[in-house]
Structure formats: structure tokens, C-alpha cells
Amino acid sequence: MSTLLPLLDALDDRPQAIELRERTYRGLGETVVDVGCGSGRAVGELAARGVRAIGVDADPAMIEVAAARRPDGEFHVADATALPLDDGSVTGYRADKVLHVLPDPARAVAEARRVLAPAGRAVLTGQDWDTVVIDSDDPARTRSIVHTRADGMPHPRIARRYRNLLLDHGFTDVTVEVHTLVWTDAAALPVLANLGGDGAWLDEQTARARADRLFVAVPIFVAAGTR
């Protein structure tokens with residue numbers, strides 16, 4: 001978590017990311033569970049809107065950070081497939097950048113349906129790890145870095161299946177949007193390092209950032225459905 005948290009903070013602070021989070025909050029109602037809540041930023045932002053927001057994360061260290069940053073927040077250590085909530089007890093369910101790391105994303109979506117009240121709204125958001133776009137002098141090496149990083153995850157391409165997951169579990173009025181986050185400055189370098197880039201490849205990207213020639217684009221998929 002020592003390296004993940006600063007990266008998440010840097011990503012979440014970008015204006016594009018802030019605007020995208022705002023979109024995911026729409027229509028969630030008065031009681032919302034944020035699954036994979038990380039440092040609790042969404043919980044805090046929802047609470048500021050008068051929502052009862054419940055943060056859940058499987059990582060105790062992340063929950064410790066969230067509770068320290070937002071001492072008035074409600075946080076639980078729990079698995080996405082076994083939420084500490086009663087049937088039909090929330091009006092909104094939000095899972096941001098989490099399904100790709102789960103062993104069984106379908107079970108998490110089934111759990112979302114269980115905890116949602118009738119007419120409740122589920123929102124799934126995250127990137128498809130095969131579709132990270134990076135300008136580079138070495139496209140073959142770049143392609144290898146992106147795909148190697150993707151192949152190291154349980155479900156790197158789950159975002160392209162969000163719509164079908166929701167439909168398969170009985171959700172209606174399912175919609176999908178794609179919003180692309182773009183970096184053209186050195187703020188992207190930690191993201192590129194996290195992909196596994198190193199050596200000459202990362203040096204090239206660093207030089208591109210210095211010369212104002214860096215380009216990184218990450219499409220973010222947002223799917224929503226009604227219980």
C-alpha cells in the first residue's frame with residue numbers, strides 16, 4: 001500500500017477524475033456503499049452531500065487510512081462478495097477500480113443486487129487494462145509492457161464486461177459510458193512506472209515529459225443499472 005496510496009491520491013486529484021467521480025454519484029440515493037473504498041475519498045465526498053456513505057475495503061491498511069482521514073466516516077474491512085449489510089439496505093452501490101482484482105467479479109455483482117433496495121442503482125467503473133494508450137518511440141515494447149501488466153491481474157478486461165455482468169444479474173436500464181483520462185505532463189510518470197515500465201523506456205517517457213511531448217490516455221468505463 002505504501003506505493004499504491006500516493007498513486008491513487010495523484011490520480012484522484014486530477015480535474016478529469018474529480019469530474020468523473022461526480023458523474024458516478026448521480027442517482028445513488030440516500031444510503032450508499034462504496035466497495036473498494038481505498039482511502040475513503042468518495043465516502044467523504046458523498047457524506048458532504050448529506051448521504052449516508054459506507055466504505056468497504058478488503059485491505060485493513062486502506063481502511064485504517066480512510067478512518068484516519070475521515071474519522072466521522074463509516075468503514076468496514078470486508079470482501080466485495082460478502083458485504084456486512086442486510087438485504088435491500090442501500091439505495092446505491094458503487095465499485096470503482098476494484099472488479100479487476102477480484103477472483104470472481106460476478107459474485108460481487110450478485111452481492112450488489114442483494115444489498116440494493118428495489119429501484120436501487122449500481123455503478124461500476126474502471127479501466128480496461130488492455131486499452132492504455134501511450135505514445136512511444138518503441139511501440140512494440142510499449143505494447144508488451146501494457147499487456148504484461150494486464151496479464152498479471154485476475155480480470156484485466158472486466159470493464160468491457162460491466163454491461164453484461166449487470167444484465168446477467170437482473171439489472172435493468174443498463175447504460176455504459178466511456179470517459180478518457182489524458183496526461184501530457186510528468187504527473188503520468190508514476191502511472192507509467194506502475195505499469196512496469198523501467199530503464200530506457202521510462203527514461204524516454206521522462207524525456208517526453210520534460211519536452212512537453214508526453215501522451216497517455218486511459219479510457220474509463222462507467223456502467224450503471226437499476227435493481
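In the predicted model, the radius of gyration of the protein is 18 Å, which agrees with the value near 17 Å that a compact globule of 227 residues would have. Along the principal axes, the C-alpha trace spans about 50 × 40 × 25 Å. The secondary structure of the protein consists of nine helices and eight strands.

Buried residues, meaning those under 20% relative accessible area, account for 48% of the 227 residues in the protein. Among the contacts with a separation of 6 or more, 74% are made by residues 24 or more positions apart in the chain. The area that the protein exposes is about 10500 Å², and 52% of this area is supplied by carbon and sulfur atoms. As for charge, the protein carries 26 positive and 33 negative charges, and the mean positions of these two groups are 3 Å apart.

Helix 5, which comprises residues 105–115, illustrates how burial is arranged within a single element. The buried residues of this helix are Pro 105, Ala 108, Val 109, Glu 111, Ala 112 and Val 115. When helix 5 is viewed down its axis, these buried residues fall within an arc of 155°, and they therefore line one face of the helix. The cover over the buried residues of helix 5 includes two strands, namely strand 4 (90–96) and strand 5 (116–127), together with helix 7 (162–168).

Note on methods. Residues are numbered from 1 along each chain as its sequence is written. This is a predicted model: local features need pLDDT of at least 70, side-chain atom pairs count only at pLDDT 80 or more; totals for chains, interfaces and linings use all residues. Side-chain values use heavy atoms; hydrogens and water are left out. Helices (H or I, at least four residues) and strands (E, at least two) are DSSP runs, numbered from the N terminus. The radius of gyration is taken over C-alpha atoms; the globule rule is 2.2 Å times the number of residues to the power 0.38. Buried means under 20% relative accessible area, exposed over 50%, partly exposed in between (1.4 Å probe, protein chains only). Contact means heavy atoms within 4.5 Å. Accessible areas come from the Shrake-Rupley method with a 1.4 Å probe; for residues, only the protein chains shown count as cover. Lys and Arg count as positive and Asp and Glu as negative; His and the chain ends are not counted. The place of a charge is taken as NZ of Lys, CZ of Arg, CG of Asp or CD of Glu. The arc is that of the directions from the helix axis to the C-beta atoms.
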